[in-house]
Structures are given as structure tokens and as C-alpha cells.
Amino acid sequence: LLASWVEGYRRVRDLPAEDEAEIPTFVMLRRMLLVAWIGSHSETDLAQSMGVAYSESTCGLCEDYLTRFG
């Protein structure tokens with residue numbers, strides 16, 4: 001998915017390699033923010049539907065991220 005996004009982006013604008021290298025960090029930040037939102041909005045249907053599965057999969061992504069960049 002990321003490779004396709006980068007390919008499409010580069011059809012319109014330049015994307016230096018050093019900027020591309022930051023994409024995993026922004027994705028990880030977004031995932032963590034959504035987990036925080038789920039926790040702070042646990043009464044909502046959306047948070048309840050995403051809750052456990054989304055948070056568990058984010059933990060796995062965090063571990064992969066830290067292994068790769070940590």
C-alpha cells in the first residue's frame with residue numbers, strides 16, 4: 001500500500017528519499033493516536049467496533065517498527 005501511495009505521489013510531485021524514509025514514522029504515530037482516541041472514546045460505537053482488534057494489531061506494528069528503527 002505504501003509503495004503504491006509513493007508511486008502515485010511521485011507522479012505529481014517529487015518525494016526525496018529522506019522524506020519517504022519518514023513515512024513509517026508517520027503511519028506509526030497515526031496508529032498510536034487512533035489507539036488513544038479509542039481509549040478516550042470507549043463509549044462510542046466506532047471505538048467499540050475497532051477497540052481490541054485495532055489495538056492488538058497496532059501493538060504488533062509497534063514491535064515491528066521498534067525492531068526496524070528502534
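**Notebook: charges, contacts and surface patches**

I began with Arg10, which is partly exposed at a relative accessible area of 37%. I note at the outset that the model I am reading is a predicted one, and I keep that in mind for each entry below.

**Salt bridges**

I wanted to know how many salt bridges a search of the whole structure finds. The search returns two, and I looked up the partners in each.

Arg10 forms one of them with Glu20, and the closest N and O atoms of that pair are 2.7 Å apart. Because Arg10 sits in helix 1 (residues 2-10) and Glu20 in helix 2, the pair ties together parts that are ten residues apart in sequence. I then checked Glu20 for accessibility and found that Glu20 counts as partly exposed, at 30%.

Glu7 forms a salt bridge with Arg11, where the closest N and O atoms are 2.8 Å apart. I looked up both partners: Glu7 is partly exposed, with 47% relative accessibility, whereas Arg11 is exposed, with a relative accessible area of 66%. As background I wrote down that side chains of opposite charge can pair when their charged atoms come close.

**A charged residue without a partner**

I next turned to Arg31, which has its place in helix 3. Is Arg31 buried or exposed, and which side chain of opposite charge is nearest? Arg31 is buried yet has no salt bridge, and the nearest side chain of opposite charge is that of Glu56, 10 Å away. Because a salt bridge requires a side-chain nitrogen of Lys or Arg within 4 Å of a carboxyl oxygen of Asp or Glu, I recorded Arg31 as having none.

I then asked myself what Arg31 is in contact with, leaving aside its neighbours within four places in sequence. The contacts of Arg31 are Tyr54, Ser57, Thr58 and Leu61.

**Thr58 and Met28**

Thr58 came up in that list, and I followed it into helix 4, which spans residues 45-69. Thr58 is buried, with a relative accessible area of 4%. With neighbours up to four places away in sequence left aside, Thr58 is in contact with Met28, Arg31 and Val35.

Met28 was my next stop, and this residue lies in helix 3. I classed Met28 as buried because its relative accessibility is 7%, and the cut-off for buried is under 20%. Not counting residues up to four places away in sequence, Met28 touches Thr58, Leu61, Cys62 and Tyr65. For one of these partners, Leu61, I also noted the backbone separation: Met28 and Leu61 are 33 residues apart in sequence, and their C-alpha atoms are 7.6 Å apart in space.

**Two distances between C-alpha atoms**

I looked up Ser49, which is found in helix 4 and counts as exposed at 58% relative accessibility. The C-alpha atoms of Ser49 and Cys59 are separated by 17 Å, with their positions ten residues apart along the chain.

I did likewise for Ser40, placed in helix 3 and partly exposed, with a relative accessible area of 48%. Ser40 and Ser55 are 15 residues apart along the chain, and the separation of their C-alpha atoms is 13 Å.

**Surface patches**

Which residues gather in a patch of negative charge on the surface? I found Asp14, Glu18, Asp19 and Glu22 there. I looked more carefully at Glu22, which is found in the loop between helix 2 (17-20) and helix 3 (23-40). Glu22 counts as partly exposed, at 39% relative accessibility.

I also looked for nonpolar residues on the surface, and recorded a patch formed by Phe26, Leu29 and Leu33, which together have about 320 Å² of accessible area. From this patch I checked Leu33, which lies in helix 3 and is partly exposed, its relative accessible area being 48%.

Key
Residues numbered from 1 in each chain as written. Predicted model: local features only at pLDDT ≥ 70, side-chain atom pairs only at ≥ 80, totals over all residues. Heavy atoms only, no water. Patch = residues over 30% accessible without salt bridge, like charges linked within 9 Å, V, L, I, M, F, W, Y side chains within 5 Å. Areas by Shrake-Rupley, 256 points an atom, 1.4 Å probe, with all protein chains shown as cover. Lys, Arg positive; Asp, Glu negative; His and termini not counted. Charge placed at Lys NZ, Arg CZ, Asp CG, Glu CD. Helix = DSSP H or I, 4+ residues; strand = E, 2+ residues; numbered from the N terminus. Buried < 20%, exposed > 50% of the residue type's maximum accessible area, 1.4 Å probe, protein only. Contact = heavy atoms within 4.5 Å.
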